[in-house]
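Visitor: I would like to learn how to read a few features of a protein model, taking each idea in general terms and then in the case at hand.

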Amino acid sequence: MTTRQKKPHGPSPVKLFGQIGALGAIIIFLFVQLPGLGVEGSRMFGIFIAAILLWVTEAVPLAATATLVIFLEVLFVSDHAILQVAEDAPKYTSFFGALANPVIILFLGGFMVADGAAKYKVDRALSAVLLRPFLGKPRSTVMGVMLITAVMSMFMSNTATTATMFAVMMPVIMGLPEGRARTGIALSIPVAANVGGMGTPVGTPPNAIALGALQSAGISVTFLDWMLAAVPLMLITLAISWGFIAWRYIPKDAVFSIDTSAKFDTSRNAKIFYATALVTILLWMTEALHGVSANIVGFLPVVVLMLTKVMSGDDLRALDWPVLWLVAGGIALGSGVGSTGLDKWLLGSIQWGAIPTIILLLVLALVGWVTSNVISHSASANLLVPMGMGLAATISTPAAEIAIVLALGCSLGMCLPISTPPNAIAYSTGTTPTREMVVVGVIVGIIGVLLLSFVAPLTWGPLGVI
């Protein structure tokens, strides 16, 4: 007896809408020139609309949309376009160059360090050791979990950090009776990972996207500059998040039993990795002293770990390349929006200069937060940062300030399981009801947005960031 195979389901209506809408936008604006916008700008508008539709609906993988953006820009907007363009059209190398943008190299180095930490189990051993001082009182333990998660997330991907911390904490979580304590510990991990990723340029893709946009505009923000701008905000937001989670979920008399017996690998390869990772992080943080760009330093762990065979070709292939392509697509999109005059055309109808800076920053942070709750943080930053950078030409607010606010605002989106991979991991454990995730995400997000809009920018000038 034969069994009839089920036919694979076609794309959902939302994805189908995204695919058809994107194709329509590309075709229409190949031949329709918008008033006040040149040929290249009109075509770029079609590409921009297509990217929005594809990223928002996730009609194709996010990285696939990024590659499509680069390809369409070369085909229709660049000086090597297959259709006629102006003599001063952007060079096609400026779009392909996004794939080797220095920020991509910086992120590649961050990925190599993060994957090496996982390979040699440094993350598990370090988290176990660092938790020891926080054992005893349950709320102190949650503080330790959040602090360690945030620090690790500054240099590792938020996803890898969340997976590591759940591996350490799941025995504790499942050993608790169902209820608020279990939910509170489970929620504390993705919240801390999302907030911690704000702290460094390699912490999360939106940071890299903002840096890439700034570098394309000739604006330098060093690794340490970013930390000076983001770490104080990160720590205050983290402390408030811990206070709310501890108050709402963690009873003072709860009992946690955590295994902190993990040991560090002492093999030759592990020792080389420890030294390389430590030197890389120190060089990143002292860029102002030695003058070597953080982007160049980012290539150091790749070279050293490959030459010493600490990391192999298989390890290199296993890196999160789709994220690197996504960041490159965002850089190329920003380059296209700026070089074709599309940014000025889109923003020209609003008198931005009449809006007080403090209100403008609040609007930008809110837009970043709201958008990144419903689509990925990376996609949000890819769409919003090029637009925000265009504002700098029409108002007195520095471009660096706008880019940082948008990137950090995107990182604060964590209301839903779909908002960010750490949330999805937490939700998959079955310990975090969506309702509770929304409650914590809204509280942390709103407080973070207010701090980002009204408090953090006041420190950036005195600290020399802006």
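**Cysteines, a helix end and two domains**

Guide: Let us begin with burial, keeping in mind that this model is predicted: C415 is buried, with a relative accessible area of 8%.

Visitor: Is C410 buried or exposed?

Guide: C410 is buried, its relative accessible area being 0%.

Visitor: How many disulfides does the structure hold?

Guide: A disulfide is assigned to a pair of cysteine sulfur atoms within 2.5 Å, and by that criterion the structure holds zero disulfides. The sulfur of C410 has its closest cysteine sulfur in C415, but the two are 13 Å apart, and therefore too far for a bond. Read from the other side, C415 is in no disulfide either, since the nearest cysteine sulfur, that of C410, is 13 Å away.

Visitor: Where is S411 found, and which residues does S411 touch?

Guide: S411 is found in helix α21, which covers residues 399-411. To read its surroundings, one sets aside residues up to four places away in sequence, and what remains for S411 is contact with N194, M198, T204, P206, N207 and H377. The accessible area adds to this picture, because a residue counts as buried under 20%, and S411, with a relative accessible area of 2%, is buried.

Visitor: Into which domains is the chain divided, and how far apart do their C-alpha centres lie?

Guide: The assignment divides the chain into domain 1, residues 17-94, and domain 2, residues 102-322. The C-alpha centres of domain 1 and domain 2 lie 36 Å apart.

How values were computed
Residues numbered from 1 in each chain as written. Predicted model: local features only at pLDDT ≥ 70, side-chain atom pairs only at ≥ 80, totals over all residues. Heavy atoms only, no water. Domains from an automatic or database assignment. Helix = DSSP H or I, 4+ residues; strand = E, 2+ residues; numbered from the N terminus. Buried < 20%, exposed > 50% of the residue type's maximum accessible area, 1.4 Å probe, protein only. Contact = heavy atoms within 4.5 Å.
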